[in-house]
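Me: I am new to this structure and would like to go through it in questions and answers. Please show it before we begin.

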Amino acid sequence: MRTLLWFRGSDLRLRDQPAVADAAAADESVAVFVLEPPAGRANHRRYLLEALADLDDAISQAGGRLVVREGAPASELKTLAGEVGADGLVGIRGTDPAG
């Protein structure tokens, strides 16, 4: 079974995340973050992109990679699931109002 592990909001930790444990139980998982159209400050977006690069580095050390898409989450997740043959989705609960 291949599962999408959807990082949402600003909580980009790998540790202490039940969803990460759930994804690890799958045969294979694909980590993903969907950037929604910018509605805020440029500084916040720059910070987020830097944090995503750090998360990708951490996932790479474990033998994976972070897929970053931009658009409406429902559409992007459905498209990615089709591309990678995923049949499951687990999400990390966001910790901010947008998450």
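Me: Which elements give two or more residues to the largest nonpolar core, and which of them gives the most?
Reply: In this predicted model, the largest nonpolar core has 17 residues. Leu5, Phe7, Leu12, Phe33, Leu52 and Leu66 have the most contacts inside it. Two or more residues come from each of β1 (2-7), α1, β2 and α2. The element that gives the most, with 5 residues, is α2.

Me: How many residues are in the other core that lies apart from it?
Reply: Among the residues of this other core are Trp6, Leu77, Leu80 and Ala81. In soluble globular proteins, nonpolar side chains tend to be buried together. The number of residues in this other core is 10.

Me: Which residues does leucine 5 contact, leaving aside its neighbours within four places in sequence?
Reply: Leucine 5 is among the residues with the most contacts inside the largest nonpolar core. With neighbours within four places in sequence left aside, its contacts are Ala19, Val20, Ala23, Val30, Ala31, Val32, Val90 and Ile92.

Me: Does glutamate 76 count as buried or exposed?
Reply: Glutamate 76 lies in helix α3. Leaving aside neighbours within four places in sequence, glutamate 76 is in contact with Val34, Arg69, Glu70 and Gly71. Its relative accessibility is 17%, and the cut-off for burial is under 20%. Glutamate 76 therefore counts as buried.

Me: Which element supplies the largest share of the lining of the second largest pocket?
Reply: The second largest pocket has a volume of about 320 Å³ and is lined by 16 residues. Ser29, Ala31, Ile59, Gly64 and Arg65 lie nearest its centre, and the lining divides into 11 nonpolar, 3 polar and 2 charged residues. At least two lining residues come from each of α1 (18-24), β2 (28-35) and α2 (42-61). The largest share, 4 residues, comes from β2.

Me: In what order do the elements of the chain run from the N terminus on?
Reply: The chain has 3 helices and 4 strands. Among contacts between residues at least 6 apart in sequence, 76% join residues at least 24 apart. From the N terminus on, the order is β-α-β-α-β-α-β.

Me: Where in the chain is confidence lowest, and where is it highest?
Reply: The mean pLDDT of the chain is 84, and 90% of its residues reach 70 or more. The lowest confidence, a mean of 73, is in α1. The highest, at 96, is in helix α3 (residues 73-84).

Conventions
Residues are numbered from 1 along each chain as its sequence is written. This is a predicted model: local features need pLDDT of at least 70, side-chain atom pairs count only at pLDDT 80 or more; totals for chains, interfaces and linings use all residues. Side-chain values use heavy atoms; hydrogens and water are left out. On a 1 Å grid over the protein atoms alone, a cavity is a set of points where a 1.4 Å probe fits but cannot get out, and a pocket is an open set with protein on both sides within 12 Å along at least five of seven lines; lining residues have an atom within 4 Å of a point. Grid points are joined across faces, edges and corners, and a volume is the space filled by probe spheres set on the points. Ala, Val, Leu, Ile, Met, Phe, Trp, Tyr, Cys and Pro count as nonpolar, Asp, Glu, Lys and Arg as charged, and the others, Gly among them, as polar. pLDDT is the predictor's confidence in each residue, from 0 to 100. A nonpolar core is a set of buried Ala, Val, Leu, Ile, Met, Phe, Trp, Tyr and Cys residues joined through side-chain atoms within 4.5 Å. Buried means under 20% relative accessible area, exposed over 50%, partly exposed in between (1.4 Å probe, protein chains only). Contact means heavy atoms within 4.5 Å.
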